[in-house]
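Trainee: I would like a close look at one part of this protein, its pockets. Please also cover whatever helps to place them.

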Amino acid sequence: MPENSLEHPLKTLIRKEILSLEGYRSEAIKANIKLDANECPYSPSITLNLRSLKLNRYPDPEAKDLKKLLSRMWDTGPENILQGNGSDELIYYLISVTGGPVLYPVPTFSMYGIIGRILGKGIIEIPLDQNFDIPDNFINVIRKQKPGIIFLSSPNNPTGNMFSEEKIVDVIKKSHCIVVVDEAYQPYARNNNGFIPYTKKYKNLLVMRTFSKIGLAGIRLGFLIGDSRILNEINKARLPYNVNLLTQNIALEVLRKRSFFNNLIKRVISEREWLMKELQSINQITVYPSDANFILFKIRNAGRIYKGLIKKDILIKNLSNVIPDCLRVTVGRKEENRAFIKALKGLVSK
Ligand code: PMP
């Protein structure tokens with residue numbers, strides 16, 4: 001390759017699907033009040049004795065202690081759980097071991113599509129119906145297009161609603177591929193136990209959970225729950241020590257004190273309901289129902305409002321390129337939510 005060539009050799013070195021891909025974007029904008037990434041505003045306080053950890057040794061490749069604890073929580077067997085470095089990594093494994101194309105309703109979490117493209121599997125995006133639920137033509141598209149895997153985020157990011165239970169069951173029953181119900185936000189759902197109990201009945205169903213939305217985004221930990229034989233196959237694609245020693249130990253420590261999760265979930269839900277009422281009280285805003293730790297709302301001049309909030313040191317998510325005029329706010333601490341509503345009311349009245 002000529003060293004002084006004016007043209008950069010990227011095109012010859014990298015697949016064209018990657019060159020044309022826009023990777024995952026997380027906001028680089030700094031703000032004191034950060035309500036953009038669906039994180040939990042509370043962090044557990046734990047004392048981890050680093051000296052007692054054998055940092056020179058690899059971590060337990062199977063994360064056995066963690067799985068044992070979680071299997072009791074989720075009323076399943078340790079063999080029905082597979083660990084990931086966040087659920088993002090599990091999405092990667094899932095798409096790498098199944099055939100294409102990758103099918104999901106939109107708008108939804110962007111990584112299904114990004115990883116589908118990276119792995120060259122092809123993607124099929126089906127628009128949600130007007131209630132942001134699984135549309136009536138979904139089963140027909142599955143029958144015609146025969147996807148290799150289906151992702152359903154319920155509660156869905158960024159719309160905040162859950163898909164109807166009957167529709168999800170129908171998709172599972174009528175698909176001949178793995179159906180992943182991504183329950184990243186399930187802990188915040190009202191009156192719902194989620195789909196883990198269904199995994200005993202339907203072999204092609206895998207449920208995905210993460211610790212990222214309940215106070216532990218920094219340690220990167222996610223899980224798949226489902227049929228042990230299917231998980232064994234996915235496990236072949238897993239990198240040997242994907243969940244590191246610190247992550248395993250921190251998660252064990254926090255899980256032993258279950259009250260941390262219960263308390264934070266109660267607080268976030270109560271703040272969500274407060275935020276919901278406040279947003280509904282603002283005339284020019286349409287608020288969508290939420291079973292998650294964030295709220296989607298429609299507002300005139302969404303771009304101006306978004307930028308105005310940044311000027312006031314408040315960062316939320318601008319979704320107007322995905323859903324016209326829509327912004328998404330993550331539920332924060334009490335004082336953060338109050339500051340957000342105050343700033344928003346100020347901007348709307350201008
Ligand atoms: N699934 C959904 C629906 C999400 O919104 C997110 C994060 N925004 C993830 C998965 C990724 O979670 P993790 O941090 O466990 O990779």
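Mentor: What follows covers the two pockets and then one helix.

This is a predicted model, in which local features need pLDDT of at least 70 and side-chain atom pairs count only at pLDDT 80 or more, while totals for chains, interfaces and linings use all residues. Residues are numbered from 1 along each chain as its sequence is written, and side-chain values use heavy atoms, with hydrogens and water left out.

A pocket here is an open set of points on a 1 Å grid over the protein atoms alone, where a 1.4 Å probe fits, with protein on both sides within 12 Å along at least five of seven lines; lining residues have an atom within 4 Å of a point. Volume is the space filled by probe spheres set on the points, which are joined across faces, edges and corners.

The largest pocket holds about 1,300 Å³ of space. Its lining consists of 44 residues, and Tyr-24, Arg-25, Phe-109, Ser-110 and Lys-317 lie nearest the centre. Two or more lining residues come from each of α4 (86-97), β3 (102-106), α5 (111-118) and β12 (317-318); helices (H or I, at least four residues) and strands (E, at least two) are DSSP runs numbered from the N terminus. By class, the lining of the largest pocket has 15 nonpolar, 15 polar and 14 charged residues. Nonpolar means Ala, Val, Leu, Ile, Met, Phe, Trp, Tyr, Cys and Pro, charged means Asp, Glu, Lys and Arg, and the others, including Gly, are polar. The largest pocket lies between domain 1 (26-42 + 259-349) and domain 2 (59-258), because both give residues to its lining. The domain bounds come from an automatic or database domain assignment.

The second largest pocket has about 460 Å³ of space. It is lined by 18 residues, with Met-73, Trp-74, Gln-186, Arg-209 and Arg-258 closest to its centre. Eleven of the lining residues are nonpolar, four polar and three charged. β7 (205-210) and α10 (259-280) each supply at least two of them, and α10 has the largest share, three residues. Domain 1 and domain 2 each contribute at least three residues to this lining.

The helix is α11 (residues 302-311), where Ala-302, Ile-305, Tyr-306, Gly-308 and Leu-309 are buried (under 20% relative accessible area, 1.4 Å probe, protein chains only). What covers these residues includes β12 and α12 (334-348). The face of α11 turned away from its buried side carries Lys-307 and Lys-311, both exposed (over 50%).

Key
Contact means heavy atoms within 4.5 Å.
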